[in-house]
Amino acid sequence: MITYFITYYLYLRISVLLEQHNMGSHQSWAQIVAEKRSQRDQLLNPYMISEVDQRPPQVHRVQDRSCLRDDPLSQEITEIDNVCSLLERLKTGKFTAEQVALAYIKRAVIAHQLTNCLTEVVFEEALAQARAMDREFRETGQLKGPLHGIPLTVKDQFNVKGVDSTLGYVGRSFAPAAEDAVLIQMLKDMGAIVLAKSNLPQSIMWAETDNPLWGLTANPRNPAFTPGGSTGGESVLLALQGSLLGFGTDIGGSVRIPQSIMGLYGFKPSEHVPSAIGPMARDLSSICYVSRLVANARPWERDPRCAPLEWNEGAFQSVQSRPLVVGLILDDGVVKVHPPIERVLRQLATKLQAAGHELLVWDTSDHLEYIQLMDRYYTADGCEDIRRDIDAAGEPLIPHVEALVKRGEAISVYDYWQLNKQKIALQKKYLDKWNAARSASGQPVDVLLSPTMPHLAIPHRQVRWVGYTKIWNLLDYPAVTLPIDQARSGADDLPGEPYQPRNELDAWNWGLYDVKASEAHPIGVQVIGPKLNEEKVLGAASAIERIWRG
C-alpha cells in the first residue's frame, strides 16, 4: 500500500513539473486542480470533524466510521435506510427537511474525510431549498411531492445548475452548468434535495474511481481496496450513510459494480450506449419506489430519448406471487468467480428451489463473443472524445485510461454501421436462446441470476474483468445488483485441488483471491431480465431477497 502511494505521488509530481515546464505563462493543470480542490474544501470546512484519524477502517458495520457521535438527532435521521420510511417521518413532522439536509451534509463530509468521495458541493443551496420546503409545509400541511425532503447525491456526470460537470477531467473545470439535467429537474420537482456530486474516474471509462482532478476514492472497509466504479464516490457515500439516494450511469457496470463491492443496491434499466441512468440506494424497496416515480413522471415529455412507457405495476406484483423460473449463471466461461461468490449462488439456488421455484443452468458459452463486441464500441471513435478532454488542460492520463487510448483506433462510419448490424444480430440470437429455454416442467425463463463481479473488493488498480455486467449493456437488458451475504473464512477457503486457470485473465483473477483479506466483505449478485422488463426484474429481485432472508 505504501509503495502504491509513493509511486502515485511521484507520478503526479513528475507530471506537475513537466507541465509547469511546458505551459510557461499558461495556468497549468496542477494549478487548476489546486484551485478546484481549494474551492471545494472551503465549502466542506464548516462541517469537518477534527478526530477523523481516530476512526480506523473496519469491515463490520462500516457505517459506524461516519457516525455523528455528538448529534443523536442527525444520527437517528441518517440511520434510516428506506426512502419511504424517512418520507413518512417528514410527513408527520417528526423531522423537518432542514434537519434532514443538515444531518446528511454532516455525514457526507465525514464520509469524504475518510474516503475522498465528494467533488462539487451545493450545501447552502440545499439548505435554502429545505427551509423553503419547510415553510410551505407549515403553511399548507402538504408535501411538495413524493420525494419531499429526501437527500440526493449524484455522480459528477449529471448537470447541476451552477456547478461544473467535470467527468474527472481537469479541462472541464470552471464551466458551470446553465441548468439542471432533465433527471435532476424531475427529482427536484418531486421534492428531492441535491446535496453534492460524487467522484468518478477520469473519462468514466473504468470500474474504479481515480482521476488527476479530484484524486483517488478509497474503500472505507480497507483504504488499500477500491470501492469500484465508475460511480464509486456515490457508493461510498451510501455505504457511510452520507446519502440516502444516488444516481449514476452505467455503460458496462458502473452502477452495479461499486454497489456490489460496497454491499448495496444498484439498478441498470434498459438503455444502450452512451449509458443507462440508474438509481442507487441502501435498500431494494427504495430502488423500486424511485424507479416507479421516474417512470410515472413521463420523462419522454422532457427528453426525446426516453420511450413513452409508464410503470407496469401488474408485472411488478405478479412475478412476486407465483413460482419463478430462474436461469443460473455460475461461470461466464472466461473468468471463474471466487469461492465466496460461487458458494452464495449455490446456496441461494437451493433456497429458491426449496421455496418452489425452478432453476436451470444457463448456457454462457457464447458470452465472450458479446463482450468482445461491446469492447469495440468503447473505442469506436479512436478515443477522440477522451483525447480532446485530456488536451484541454494537458493533464496526465491515469494508467488505465492511457491503455484504453493507446489501443483505440477509430473506425469509419461504414464500419460503425456494420458494428450496429452485428449488435442487432447478436441481440436477436440471445433473445432466441432465451425464448427457447425451458425449465424441467416446460416453463419459460423469467430472469437470470448471476454474479455481479468475479471477485469482491480488491486492491486499487486491479479491476480488469467486468464481463458479468458488460454483456447486459450490449444486450440492453435491465439488471439489478443486491447484496446477499459476506465472505467467511472456513466456508470460502480455496478448494483442496488447485484450480487450473483457462486463460491469462482467469489466472489474474484467481491469483487475487485472499480469503483473509476478503473476510466479511459483501457478496453481491445480479438479477437480469429481457429488454424493457424492468418491473419484472425488480419484482423478481424483491421475491429472491425475501427468500434469502427467510
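In what sense do β2 and β4 pair, and over how many bridges? Let's start there. β2 and β4 pair in the parallel sense, and three bridges hold that pairing. One thing to keep in mind throughout: what you see on the screen is a predicted model.

Stay with β4 for a moment, since there's plenty to look at. Find Val 154, then look across to β4: the bridge partner there is Phe 247. On to another neighbour, strand β6, which covers residues 276-281. β4 and β6 pair in the antiparallel sense, over six bridges. If you want one spot to click on, take Thr 249, which stands opposite Ile 277 in β6.

Now, which residues point which way from β4? Leu 245, Phe 247 and Thr 249 point one way, while Gly 246, Gly 248 and Asp 250 point the other way. Every one of those residues is buried. That's six of six for the strand, residues 245-250, so β4 is largely enclosed by the rest of the structure.

Okay, let's zoom out to the sheet. It's an open sheet of 11 strands, and the pairing is mixed. Follow along with your finger if you like: the order is β1-β3-β2-β4-β6-β5-β10-β11-β9-β7-β8. At the edges sit β1, residues 118-121, and β8, residues 358-361, and each of those pairs on one side only. From one strand to the next, the twist averages 30°.

Further along that order we get to β10 and β11. Strand β10 is residues 479-486 and strand β11 is residues 522-528; they run antiparallel, joined by seven bridges. A handy pair to look for is Asp 485, which stands opposite Ile 523 in β11.

What about helices on the sheet? Helix α12, residues 339-354, packs on it, touching β7, β8, β9, β10 and β11. The direction of α12 makes about 55° with that of β11. Then there's helix α5, residues 97-115, which lies across β1, β2 and β3. With β3, the angle of α5 is about 10°.

Next, empty space. How many cavities of 30 Å³ or more does a search of the whole structure find? Just one turns up, and its volume is about 60 Å³. The lining includes Ser 260, Ile 261, Ile 341 and His 455. You'll also recognise Ile 523 from the strand pairing, and that residue lines the cavity too. Which element gives the most to this lining? That would be β11, with three residues. Both α9, residues 256-262, and β11 supply at least two residues each. By class, the lining has six nonpolar residues, four polar and no charged.

There are pockets as well, and I'd like to show you the second largest, with about 590 Å³ of space in it. It is lined by 24 residues, and the closest to its centre are Trp 206, His 400, Arg 407, Arg 464 and Val 466. Helix α15, residues 399-407, gives the most to that lining, with five residues. Helix α13, residues 367-378, also supplies at least two. The classes here come out as 14 nonpolar, five polar and five charged residues.

Last topic: a few backbone oddities. Most residues other than glycine have a negative phi, and most peptide bonds are trans. With that in mind, have a look at three places.

Number one is the peptide bond from Gly 229 to Ser 230, which is cis, with omega near 10°. Ser 230 lies in the loop between β3 and α8.

Number two is Asn 116, with a positive phi near 65°. You'll find Asn 116 in the loop between α5 and β1. Is Asn 116 buried or exposed? The cut-off for buried is under 20% relative accessible area. Asn 116 has 17% relative accessibility, so it counts as buried.

Number three is Ala 520, where phi is positive again, near 70°. Ala 520 sits in the loop between α19, residues 515-518, and β11. Ala 520 is buried too, with a relative accessible area of 4%.

That's my tour, so let's go back to the picture and find β4 together.

Definitions and conventions:
Residues numbered from 1 in each chain as written. Predicted model: local features only at pLDDT ≥ 70, side-chain atom pairs only at ≥ 80, totals over all residues. Heavy atoms only, no water. Pairing = 2+ DSSP bridges. Helix = DSSP H or I, 4+ residues; strand = E, 2+ residues; numbered from the N terminus. Axes fitted to C-alpha atoms, helices over the stretch in contact; angles between N-to-C directions. Contact = heavy atoms within 4.5 Å. 1 Å grid on protein atoms, 1.4 Å probe; cavity = no way out; pocket = protein on both sides within 12 Å on 5 of 7 lines; lining within 4 Å. Points joined across faces, edges and corners; volume = space filled by probe spheres on them. Nonpolar A, V, L, I, M, F, W, Y, C, P; charged D, E, K, R; others polar. Buried < 20%, exposed > 50% of the residue type's maximum accessible area, 1.4 Å probe, protein only.
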